[in-house]
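Visitor: Could you take me closely through one part of this model, namely the way its helices pack against one another? I would like the terms explained as you go.

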Amino acid sequence: MKSRKGRKGEESRKRLLKAAAHEFSIRGFHETKVSAIVKRAGLTQPSFYLYFQSKEAIFEELINDFHSRLRKLTESLLLESGLHGNDVTNGVLSAVEAVFQFLAEDKDLTRIGFFLNPEAKQLKQDVAMVLKDNLEAEQRLGYFRSELEMETVAECLIGMIEHLTDSYLLTGIKDPASLAEPVVNLLIYGMLPKGSDAR
């Protein structure tokens, strides 16, 4: 069991991380000052340096945590074998909604991790490759058409998630469920009317 001092220290560290995420999300990295972070956290500047060596260190921790958790989530969304019909559609819907839900949980962290981070493009490419591996495994299970090139599908899906997150999720216009449903509807059923033979 942690000591009172240990618990208090962990709480202070969490407050600093939360305050830093907010400051970075509204001011950007370069305009954010350690003094603003500690003021928002209700702590002192010396206390900041008990936990973090620099502004760069706290920013890097936030980014690495965001990247790690998003990657682990994406890896966990691989559909299990033995699904049929609507189970596949429902599984894809649950997976896409889970990603939007993750991005909605901490909007400050999403802004800096997915958009403001200088390594954001690389992060999205990394997640797209994990998604591609999932899609290819699901394709081998017979869930998707064999001729689809899943790297392109993964990149398209990441692009849709990125744009919809920026335009609707972070602004509060739409919630994760209302964003996931049309994305999955488009991916699974396409744009042609049911029964259309326009291929």
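Guide: What follows is a look at two helix pairs and then at two single residues. The model is a predicted one, in which local features need pLDDT of at least 70 and side-chain atom pairs count only at pLDDT 80 or more, while totals for chains, interfaces and linings use all residues. Residues are numbered from 1 along each chain as its sequence is written, and side-chain values use heavy atoms, with hydrogens and water left out.

Two packed helices are described by the angle between their axes and the distance between the axes. Helices here are DSSP runs of H or I with at least four residues, numbered from the N terminus; axes are lines fitted to C-alpha atoms over the stretch in contact, and angles run from 0 to 180 degrees between N-to-C directions.

Helix α4 (residues 55-76) packs with helix α5 (residues 86-105) at an angle of about 165 degrees, and their axes are 11 Å apart. The two are therefore roughly antiparallel to each other, a term that applies to angles over 145 degrees. The crossing of α4 and α5 is right-handed, meaning that the near helix is turned clockwise from the far one by less than a right angle. Phe66, Arg69, Leu70 and Leu73 of α4 make the contact with Ala98, Val99, Phe102 and Leu103 of α5, where contact means heavy atoms within 4.5 Å. By class, these residues are seven nonpolar, no polar and one charged; Ala, Val, Leu, Ile, Met, Phe, Trp, Tyr, Cys and Pro count as nonpolar, Asp, Glu, Lys and Arg as charged, and the others, Gly among them, as polar.

For helix α6 (residues 107-116) and helix α8 (residues 150-169), the packing angle is about 140 degrees and the axes lie 12 Å apart. That makes α6 oblique to α8, the term for angles from 35 to 65 or from 115 to 145 degrees. In this pair the crossing is left-handed, with the turn anticlockwise. Lys107, Thr110, Phe114 and Phe115 in α6 meet Ile161, Glu162, Thr165, Asp166 and Leu169 in α8, and the residues of this contact divide into four nonpolar, two polar and three charged.

As for the single residues, leucine 187 is found in helix α9 (residues 176-189) and is in contact with Leu157 and Met160, leaving aside its neighbours within four places in sequence. Leucine 187 is partly exposed, with a relative accessible area of 36%, whereas arginine 140, in helix α7 (residues 120-140), is exposed at 65%; buried means under 20%, exposed over 50% and partly exposed in between, with a 1.4 Å probe and protein chains only.
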